[in-house]
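User: I am in my first year and would like a close look at a single part of this structure, followed by how that part sits among its surroundings. Please take it slowly and explain each step.

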Amino acid sequence: MERVPVLKIGDILLVSIQIDMEDQVALQLQEDLADRIVATGCHGVIIDISALDIVDSFVGRTLATIAAVSRVLDAETVVVGMRPAVAITLVELGLSLPGIRTALNVELGMELLALERDFDLPDDDDEADEAGATVVAAP
Amino acid sequence: MTAGGDITAGADITAAERLAVSTDQDVVRVRQLVRTIAVAAKLGLVDQTKLVTAASELARNTLVYGGGGVVEVSRVENGRRAGIRIVFADQGPGIADLELALTDGYTTGGGLGLGLSGARRLVDEFDIDTEVGRGTTVSVTKWCR
């Protein structure tokens, strides 16, 4: 059975699904991610699905479960790179993925997680959060 | 017990490919076969995606609820329109309450209950023939625009 690799980049675990997953592979990914979150203490998970030409109800449910399990383990999940045709099909299928954060690409997903993490920290300056998007580009 | 119309009326079948579905890997093969044929039939990208997604849901149903079966994918033509028809057949337990099975959110298998009802929304024609103790056959068609 193939396995989807989980990469650690700083405080984030990055998963890029590049294969047409059998159901069993998706379930394995769910377990691997939970293990890696606990082992690394990472607070963010990014799942890149830009290579997937479909997301059916099984994969959709798996993504939702991964997001829920991650949250329980103190990590936030962002699903990135969904193709427009996949989004249209998912919604028509009846699956709008409630509870899943999304971003258009990996870069925006990382920004989202960075902002989110800032919100969690006790800030001495309220404006710091609002300025988060520009802070990324600042020296 | 049936639902949907007679989808094959007046349609010419030009080619057919069959796949047995008895493992997870076979569900992936069904997706790939449907994708290949949808591309060859020049179905639009969104329609390809909808059809492959519907095929994935229905092939999984054939495996999980029907205990395995056969999937047949054909190019069909109806007048000037070309399309793709997929038939999923199993000899499993059948569906006792079809109306309930076609309801969003109803499941006996621990899933989301969107497979059958969702797949129906993703195709142009949907026909289901089922009998308790004899099995279930689902036929779907997607037409090129």
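In which loop of chain A does Leu97(A) lie?

Analyst: Please keep in mind from the start that this is a predicted model. Leu97(A) belongs to the loop between α3 (84-93) and β5 (101-103) of chain A. What draws attention to Leu97(A) is its backbone, since its phi is near 50°, a positive value in a residue other than glycine. Most residues other than glycine have a negative phi. As for its surroundings, Leu97(A) counts as partly exposed because it has 18 C-beta neighbours inside 10 Å, whereas a buried residue would need 20 or more.

A positive phi also appears elsewhere in chain A, in a glycine. Strand β1 (residues 6-9) and strand β2 (residues 12-16) of chain A run antiparallel and are joined by four bridges, and within this pairing Leu7(A) stands opposite Leu14(A) in β2(A). The hairpin that β1(A) and β2(A) form has two residues between the strands, and Gly10(A) in this hairpin takes a positive phi near 60°.

Chain B offers a further case to set beside Leu97(A), for Lys42(B) is not a glycine and yet has a positive phi of about 60°. Lys42(B) is found in the loop between α1 (24-40) and α2 (45-64) of chain B. With 10 C-beta neighbours inside 10 Å, Lys42(B) counts as exposed, because the limit for that class is 12 or fewer.

The two helices on either side of that loop lead on to the place where the chains meet. The contact takes 18 residues from chain A and 24 residues from chain B. On the side of chain B that touches chain A, the elements giving two or more residues are α1, α2 and α4 (115-122) of chain B, and α2(B) provides the largest share, nine residues. Sorted by character, the residues of this side of chain B comprise seven nonpolar, nine polar and eight charged.

To place these helices in the whole of their chain, it helps to know that chain B has four helices and six strands, which follow one another along the sequence in the pattern β-β-α-α-β-β-α-α-β-β. Of the 145 residues in chain B, 45% are buried. Finally, if one takes the contacts in chain B between residues at least 6 apart in sequence, 67% of them join residues at least 24 apart.

How values were computed: Residues numbered from 1 in each chain as written. Chains lettered and ligands numbered in written order. Predicted model: local features only at pLDDT ≥ 70, side-chain atom pairs only at ≥ 80, totals over all residues. Contact = placed C-beta atoms within 7 Å. Nonpolar A, V, L, I, M, F, W, Y, C, P; charged D, E, K, R; others polar. Pairing = 2+ DSSP bridges.
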